[in-house]
Amino acid sequence: MTIAEILLQDFDNEMKGTRTTLERIPEDKPDFKCHDKSMPMGRLAVHVASLPRFGTNILTTPGMDLATTKFPDLVFESREKLLETFDTLAAEARAALAKSSDADLEQHWKFSFGDKLISDMPR
């Protein structure tokens, strides 16, 4: 069994649970915050729905520099749009993982902020 085959089992379970959570985000309360210092629920839900993009990036690029990387705005539009985004990005990440060989996953991926190296580890 390859590393990717093992990881895909966990990936599928995590994506199923994440989607179930996102399905429950109330459309009429995107600005709800459980605490004044909390991120609004709609913004947090868009952030969570977008996280698979990070996995695809790790699997398909040599690294990421946060000083130059641009991220989309985290604007909640609707539950339907949220789930559409999540499904698309999760499918892309799954496909990237499925086609990764053990050698691909053993290559280092660098995570930095400008000249400051945050991480340099195998994918």
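Which residue meets the side chain of Arg-94 in a salt bridge? In this predicted model, the partner of Arg-94 is Asp-12, with a distance of 2.7 Å from N to O. The pair links distant parts of the chain, as Arg-94 belongs to helix H4 (residues 79-98) and Asp-12 to helix H1 (residues 3-23), with the two positions 82 residues apart in sequence numbering. Arg-94 has a relative accessibility of 32% and counts as partly exposed. Asp-12, with a relative accessible area of 33%, is partly exposed.

The search of the whole structure finds three salt bridges. Besides the contact just described, Arg-19 forms a salt bridge with Glu-23, in which the closest N and O atoms are 2.4 Å apart. Both Arg-19 and Glu-23 lie in helix H1, where a spacing of four residues corresponds to about one turn of the helix. Asp-87 also forms a salt bridge with Arg-19, and here the closest N and O atoms are 2.8 Å apart. Because Asp-87 lies in helix H4 and Arg-19 in helix H1, this pair ties together parts that are 68 residues apart in sequence. Arg-19, Glu-23 and Asp-87 are thus linked in a network of salt bridges.

The accessibility of the network residues was computed as well. Arg-19 is partly exposed, at a relative accessible area of 24%. Since buried means under 20% relative accessible area, Arg-19 with its 24% does not count as buried. Glu-23 is partly exposed at 36%, and Asp-87 is partly exposed at 33%.

The secondary structure of the chain consists of five helices and three strands. From the N terminus on, the elements follow the order α-α-α-β-α-α-β-β. Strand E2 (residues 108-113) and strand E3 (residues 116-122) pair in the antiparallel sense, with six bridges between them. Within this pairing, Phe-111 has Ser-119 of E3 as its bridge partner. E2 and E3 form a hairpin in which two residues separate the strands. Gly-114, in the turn of this hairpin, has a positive phi of about 65°.

Values for the chain as a whole were also obtained. Taken along the principal axes, the C-alpha atoms fill a box of roughly 45 × 35 × 20 Å. The chain has 123 residues, of which 28% count as buried. The accessible surface of the chain amounts to about 8400 Å², and carbon and sulfur atoms contribute 55% of this area. Among contacts with a separation of 6 or more, 69% are between residues 24 or more positions apart. The salt bridge between Arg-94 and Asp-12, with its 82 residues of separation, is a link between distant parts of the chain. As for charge, the chain carries 16 positive and 21 negative charges, and the mean positions of the two sets are 4 Å apart.

Conventions:
Residues numbered from 1 in each chain as written. Predicted model: local features only at pLDDT ≥ 70, side-chain atom pairs only at ≥ 80, totals over all residues. Heavy atoms only, no water. Pairing = 2+ DSSP bridges. Buried < 20%, exposed > 50% of the residue type's maximum accessible area, 1.4 Å probe, protein only. Contact = heavy atoms within 4.5 Å. Areas by Shrake-Rupley, 256 points an atom, 1.4 Å probe, with all protein chains shown as cover. Lys, Arg positive; Asp, Glu negative; His and termini not counted. Charge placed at Lys NZ, Arg CZ, Asp CG, Glu CD. Salt bridge = Lys/Arg side-chain N within 4 Å of Asp/Glu carboxyl O.
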